[in-house]
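Visitor: Hi, I've got a bit of time before my next gel. Can you walk me through this one?

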2 protein chains.
Amino acid sequence: MRRLVMIWALLATPLAAQVEQGPPNAEFEPAFPAQTRAPALKETAVQADWLVRGLSNPWGIAVLPDGRMLVSERPGRLRLIGPEGVSEPINGLPEVDARRQGGLLDVAVRPDFDRTRQVWWTYAKRVDGGTVTAAATGRLSEDGTRMQDVQDIFVQEPPSPNPMHYGSRIVFGPDGMAFITTGEHFSRSERQLAQDLDTTYGKVVRVTPMGDVPPDNPFVGEDGLDTIWSYGHRNMQGAVIGPQGRLWTIEHGPAGGDELNRPLPGRNYGWPVISYGVNYNRSSVGSGEAVREGMEQPVYYWDPVIAPGGMMFHNGRGGFDWNGDLLIGSLNPGGLVRLRFTEGRVAGEERLLRDIGRVRDVEVLGDGTVLLLIDAPDGGIMRVRPAG
Amino acid sequence: MRRLVMIWALLATPLAAQVEQGPPNAEFEPAFPAQTRAPALKETAVQADWLVRGLSNPWGIAVLPDGRMLVSERPGRLRLIGPEGVSEPINGLPEVDARRQGGLLDVAVRPDFDRTRQVWWTYAKRVDGGTVTAAATGRLSEDGTRMQDVQDIFVQEPPSPNPMHYGSRIVFGPDGMAFITTGEHFSRSERQLAQDLDTTYGKVVRVTPMGDVPPDNPFVGEDGLDTIWSYGHRNMQGAVIGPQGRLWTIEHGPAGGDELNRPLPGRNYGWPVISYGVNYNRSSVGSGEAVREGMEQPVYYWDPVIAPGGMMFHNGRGGFDWNGDLLIGSLNPGGLVRLRFTEGRVAGEERLLRDIGRVRDVEVLGDGTVLLLIDAPDGGIMRVRPAG
């Protein structure tokens, strides 16, 4: 119980401005060719402690306005964590396809949760013909035990035989529009669909808070599905709204090709035609090129890869000199990756806490506290603090 | 009880596509000078019957996804009408300032009501220093008896001493953004504030479904309040999203100057600098001009006036040959005004049901049924059908 009391003391801090702070990156223009292997930043002395342990492959974390947290467990459970401890699984969630990389994935709280109690989540869904990434919404009951009026908001097409590369994250822009990231299900034939505008493999999808198509989506009235925002992505498990209110995504690339992007509407991010790195069997990717006219360069790429989970910009509070820095969870080698931006370029990179394991999601609270979701059968939430 | 059973049989019809149908008016460009006194249309034989009687100055009507209706009564009550009859007033509404033209005004159901149960309404609010138009939101309890988690979304500034010219309507665009119309509180000094971008008198206001400022609002980052969409309006009691997904408003003008507008972002609709007609004391309005560079012309104006309430486009169903026509409630002389559009111009006008009294709001159901809200101390809802 002591541990849970500590959690509450932590979460009772102000959560305003929780999402984004930092210097302007509005005019950030990816370099050509893209940046990689930025200089090492001055190391930050930090320590990480368990806040909650015993969660089963936790995947996504979201903070409610009252400071409590929702955490998804990939096998299909969603739990509420607050002063009363860790709840039993919330009832009313849909069945999830929890094979391989599938299951219950991200969880997000709608910005107007205090009025609407709307929670969104992504999950692997079994459908006729295979498995897909889906996003659903529900209303958390007043007592926090049930999800009510659950409906799918988005269902990826077409069904895949492969329970792999589902993505996915959900983030809400300042205009209330939701971005949902997907994957391309990995197989050599399916990955081609990341370039196919009649499917939602390897896409950023954008919908209104009602789940409808925003009239200003780039393919409305054009060839291509109305819900698509950007395409040519591989497997995006991280997304965040940046200091300027714009979308950033991060994706699992091939060997030597994990990518940080700032997806713009209607743009093609190249997979599987161009990429940095090579396939994991050492064959070259697509055209064998990393740059091509009409396809976008990433903001940054990693070689060797970091296997990125979720990410969040830091607000410089809590004793961290990290204002505007991007914190990225790494699954392999594990730990935390920090990027600093200066004048629209990546100025440096730091690797922290490599020994804590697979970080599937990162949350930055209003007071600067950093929470890491450790994806393991006996996983949980770790809190990062400045050391000493 | 027989009457209420009849209501239910009516409302159980499909409500899809309830809002808008009709020919494209996308490229509608107001004429210069504006159109008025369009040719009379071929008369439609219609009959109107009471569906619900005994409502006290009903002001706004909104249809829920299940076919039930919410109706506001200006003294401050909101009622649910369904197969079980007319409900007792819904609990939890805020206190309203029900003097003169004030009180509980419009009611609107958010497009995602089936998941969120979110209802929005406008009302006259008593604040320090006077009275203002406000918009609030609440969650209708599952049993329909209470409004929960009520919060103001918008509060007009500055407070006025005059309980007059409050507007107001709420409509949701296809991107989920909400437009809220206001008034300018009528007095000679206050009406000037319709031109003042630091107040929300005589403005169309636009907010996200969360009640936040949409980043693409025209005055974000400019001089002027971030919530303003358009300005220079008088007293807008009608608003609707048209067949092309764009906002239309209608406003009470001076004598001979009621205006139908299609407000574009950041544009100035002229009040009280330019206007058709004259003040009700027969003095000229503002500059005495009806057109001026840098100020917009209305789509259409009325001389003599119709004192417009709410409005809605018809879908051509239910035996009416009215596809794409705009139906406008008239308070004085009363009844219904129909406008037909052809090739981006107002092609004709019809006056119907002049003897039924003050029509404060119009609702068109999915099956083409037209409902009129009769604003009287012993008012109610009338249903319009083709005669014979």
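Guide: Sure, and keep in mind that this is a predicted model. Let's begin in chain B, where the charged end of B:R234 sits over the ring of B:W271, 5.1 Å from its centre.

Visitor: And in chain A, what sits over the ring of A:W271?

Guide: There it's the charged end of A:R234, 5.1 Å from the ring centre.

Visitor: What else does A:R234 touch? I mean, which residue has A:R234 on its contact list?

Guide: A:H252 does: leaving out residues up to four places away in sequence, A:H252 touches A:R234, A:N235, A:Q237, A:D258, A:A307, A:P308 and A:L331.

Visitor: Where is A:H252 found, and is A:H252 buried or exposed?

Guide: A:H252 is found in strand β16 of chain A, which covers residues 247-252. A:H252 is buried, with a relative accessible area of 12%.

Visitor: A:P308 was on that list too. What is the bridge partner of A:P308 in β20(A)?

Guide: That's A:S330. Four bridges join β19(A) to strand β20 (residues 326-330) of chain A, and the two run antiparallel.

Visitor: How many residues of strand β19 of chain A are buried?

Guide: Six of the six, residues 308-313, so strand β19 of chain A is largely enclosed by the rest of the structure.

Visitor: OK, hop over to chain B. What's the strand order in the open sheet of four strands?

Guide: The order is β19-β20-β21-β22 in chain B, with antiparallel pairing. β19 (308-313) and β22 (345-352) of chain B stand at the edges with a single partner strand each, so one side of each has no neighbour in the sheet. From one strand to the next, the twist averages 20°.

Visitor: How many bridges join strand β20 to strand β21 in chain B?

Guide: Five, between residues 326-330 and residues 335-342, with the strands running antiparallel. B:L326, for instance, stands opposite B:L339 in β21(B).

Visitor: Remind me, what do strands of a sheet pair through?

Guide: Backbone hydrogen bonds, and the pairing can be parallel or antiparallel.

Visitor: Let's switch to aromatics. How many aromatic pairs does the structure hold?

Guide: 18 over all chains. One of them is A:Y276 with A:Y301, which is stacked at 3.8 Å centre to centre and 10° between the planes.

Visitor: Which parts of chain A does that pair tie together?

Guide: A:Y276 lies in the loop between β17 (258-261) and β18 (300-302), while A:Y301 is in strand β18, so the pair ties together parts that are 25 residues apart in sequence. Both A:Y276 and A:Y301 are buried.

Visitor: What about A:Y300 and A:W302, why is that pair edge-to-face?

Guide: Their ring centres are 4.9 Å apart and their planes are at 80°, so the pair counts as edge-to-face, given that the cut-off for that class is over 60 degrees. A:Y300 is buried, with a relative accessible area of 0%, and A:W302 is buried at 2%.

Visitor: Which residues form one aromatic cluster?

Guide: A:W248, A:F313 and A:F341.

Visitor: New topic: where is A:M164 found?

Guide: A:M164 is in the loop between β10 (147-155) and β11 (170-172) of chain A. A:M164 is buried, with a relative accessible area of 11%, and touches A:R100, A:Q101, A:H185 and A:F186, not counting residues up to four places away in sequence.

Visitor: How far is A:M164 from A:D175, C-alpha to C-alpha?

Guide: 32 Å, with the two being 11 residues apart along the chain.

Visitor: What about the hairpin of β3(A) and β4(A), which residue there takes a positive phi?

Guide: A:G67, with phi near 95°; the hairpin has five residues between its strands. Five antiparallel bridges join β3(A) to strand β4 (residues 69-73), and A:G60 has A:S72 as its bridge partner in β4(A). Six of the six residues of strand β3 (residues 58-63) of chain A are buried, so that strand is largely enclosed by the rest of the structure.

Visitor: Last one, the big picture. What does the secondary structure of chain A come to?

Guide: Two helices and 25 strands. The radius of gyration of chain A is 19 Å, close to the 21 Å the globule rule gives for 388 residues, so chain A is as compact as a globular protein of that length. Its C-alpha trace spans about 55 × 50 × 40 Å along the principal axes, and 62% of the 388 residues count as buried.

How values were computed
Residues numbered from 1 in each chain as written. Chains lettered and ligands numbered in written order. Predicted model: local features only at pLDDT ≥ 70, side-chain atom pairs only at ≥ 80, totals over all residues. Heavy atoms only, no water. Phe/Tyr/Trp six-rings, centres within 6.5 Å; stacked < 30°, edge-to-face > 60°. Buried < 20%, exposed > 50% of the residue type's maximum accessible area, 1.4 Å probe, protein only. Lys NZ or Arg CZ within 6 Å of the ring centre and 35° of its normal. Pairing = 2+ DSSP bridges. Axes fitted to C-alpha atoms, helices over the stretch in contact; angles between N-to-C directions. Contact = heavy atoms within 4.5 Å. Rg over C-alpha atoms; globule rule 2.2 N^0.38 Å.
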